Amino acid sequence: MNSSRILNSLLFKIIVAILLGIVCSFFFPDWLARVFVTFNSLFSGFLGFFVPVLIFALITPAISSLGRGAGKWLGVTVGLAYASTVISGLIAYGVSVATYSWLLADQQLFEAADIDEGGLSPYFTIEMDPPFAVMSALLLAFTVGIAMTAVKSDTLQQAAEELRSVIMKVIEKFVIPLLPPFIFGMFLSMGMNGNLTDTLSAFLKVLILATVMTWIVLLIQYLLAGAYAGVNPFRALKNMLPAYFTALGTSSSAATIPVTLKSTRNNGVSESVAGFVVPLGATVHLSGSMMKIGLFAFAVMYLTDAQLTFGMALGFVLMLGIMMVAAPGVPGGAIMAAVGLLQTQLGFDESQIALMIAAYIAIDSFGTACNVTGDGAIALTVNKMARGDLGGEKFNASVPGAGDPAAAAEDGAAR
């Protein structure tokens, strides 16, 4: 990775924004800080308006296209990917219950919004009511997507895909570039409110825990896949290391597809299965991303003394698993797709959303590496099923973009 690419990366910009926010909090006058508080208020309002539209635009074509794919094998692969992603989220909940009581003991997360009580408030606010609620957007996307599958209308499918392209362009050209100043404003507010030390101390522990847990998730995936496929899980995991480290460097599932394909083939997976599962997995399998978001979200709930029951966590994980399948293929896309659920199901405010975004992007490459390497475990499982002639149907699958890394790049990049 050359220097210009590093300087232009979202991770570098987020790190700079955090550091500048911390430094500027020591000397910024209130009137100047209120400029960024105003910006954050407007940007947060826009996100509240935009997220339901994003959910509908991304999930509708994702569901309708699944119904037009390769039948049983597409369903098997997507089902395995979804199950893996959900199980990762449930593990995150279990880990949070088992460790946060002592790992985050005597620590508390203060909201940047508390600074308003000291007189630092936006110069003005604008109400931006969303066209519909997040849950309404999700239900509408399911209803329309399933109906489009039954109708098989090429016109509606093309319109849905074009709407998805438009929304992704808004994310890529407008939302993502504005994340660094949004993060800057939030850390500036936390610093001026005197809550920064406790926040960073608590979340540094969670960052380390999330990184370690992505490794444990991979170990579990390969132990299960190895036992089912009859292969040595540790050798299979070792063969996937080139894909893991490539993903660490690129932070992109799509850019890693060629290496993932080669590593998967080295595990004895047939060329047809690898060529189908790996590119598809780059789009729909996000166990590492789920682990990160789950641990971060549950940490925020714990640190703010918010009530979190198993039922709440289960509902959040199940819905987030669906959101991950449709996550936009841009840096930070997965966490942006999760914003709506964090707000509606867990009650997060703008400061907590900003902290989630910063933490997620900080170890983005580790989540991507987990996602990519886990695709190899799914490929082993599907390969075993194909050899066993699942349901009497030989493996003969094709789905748009599944065998073409370039075609998959649009949906699988930087997830």
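The legends below describe close-up views of a predicted model.

**View 1. The whole chain is built from helices, with 17 helices and zero strands.** The protein has 415 residues, and buried residues make up 53% of them. Take the contacts with a separation of 6 or more: residues 24 or more positions apart account for 87% of these.

**View 2. The largest nonpolar core holds 122 residues.** Leu295, Phe296 and Phe316 have the most contacts inside this core. Helix 6, residues 154-192, supplies the largest share of the core, 13 residues. Around Leu295, setting aside neighbours within four places in sequence, the contacts are Ala92, Val95, Tyr100, Val206, Leu209, Ala210 and Met213.

**View 3. Ser287 sits in helix 12, which spans residues 287-303.** Its relative accessibility is 0%, so Ser287 counts as buried, the limit being under 20%. The Ser287 side chain makes a polar contact with the side chain of His285, at 3.4 Å. Beyond the neighbours within four places in sequence, Ser287 touches residues from several stretches of the numbering. These are Ser84, Thr85, Ser88, Val217, Gln221, Cys370 and Asn371.

**View 4. Lys292 is also placed in helix 12.** Is this lysine, Lys292, buried or exposed? Lys292 has 1% relative accessibility and therefore counts as buried. Leaving out neighbours within four places in sequence, Lys292 contacts Tyr360, Ile363, Asp364 and Gly367. Ser88 lies 204 residues from Lys292 along the chain, yet their C-alpha atoms are separated by 9.4 Å. Ser88 also appears in the contact list of Ser287.

**View 5. Helix 2, residues 10-24, packs against helix 6.** Two packed helices are described by the angle between their axes and the distance between the axes. For this pair, the axes come within 7 Å and cross at roughly 25°. Angles under 35 degrees count as roughly parallel, so helix 2 and helix 6 are roughly parallel to each other. Helix 2 passes helix 6 in a right-handed crossing. On the helix 2 side, the meeting residues are Leu10, Lys13, Ile14, Ala17, Ile18, Leu20, Gly21, Ile22 and Cys24. On the helix 6 side, they are Ile176, Leu179, Pro180, Ile183, Phe184, Phe187 and Leu188.

**View 6. Helix 2 also packs with helix 15, residues 350-362.** The angle here is about 130°, and the axes are 9 Å apart. Helix 2 and helix 15 are therefore oblique to each other. This crossing is left-handed. Helix 2 contributes Leu10, Leu11, Ile14 and Ile18 to the contact, and helix 15 contributes Ala358, Ile361 and Ala362. Leu10, Ile14 and Ile18 also belong to the helix 2 set that meets helix 6.

**View 7. Asp305 lies in the loop between helix 12 and helix 13.** Helix 13 covers residues 310-325. Most residues other than glycine have a negative phi. Asp305 has a positive phi of about 60°, although it is not a glycine. How does Asp305 count, buried or exposed? Its relative accessibility is 66%, so Asp305 counts as exposed. In helix 12, by contrast, Ser287 counts as buried at 0%, and Lys292 counts as buried at 1%.

Key: Residues numbered from 1 in each chain as written. Predicted model: local features only at pLDDT ≥ 70, side-chain atom pairs only at ≥ 80, totals over all residues. Heavy atoms only, no water. Helix = DSSP H or I, 4+ residues; strand = E, 2+ residues; numbered from the N terminus. Buried < 20%, exposed > 50% of the residue type's maximum accessible area, 1.4 Å probe, protein only. Polar contact = N/O pair within 3.5 Å; in protein donor to acceptor, adjacent residues only side chain to side chain. Contact = heavy atoms within 4.5 Å. Core = buried A, V, L, I, M, F, W, Y, C linked by side-chain atoms within 4.5 Å. Axes fitted to C-alpha atoms, helices over the stretch in contact; angles between N-to-C directions. Parallel < 35°, antiparallel > 145°, perpendicular 65-115°, else oblique. Left-handed = near helix turned anticlockwise from the far one by under 90°.
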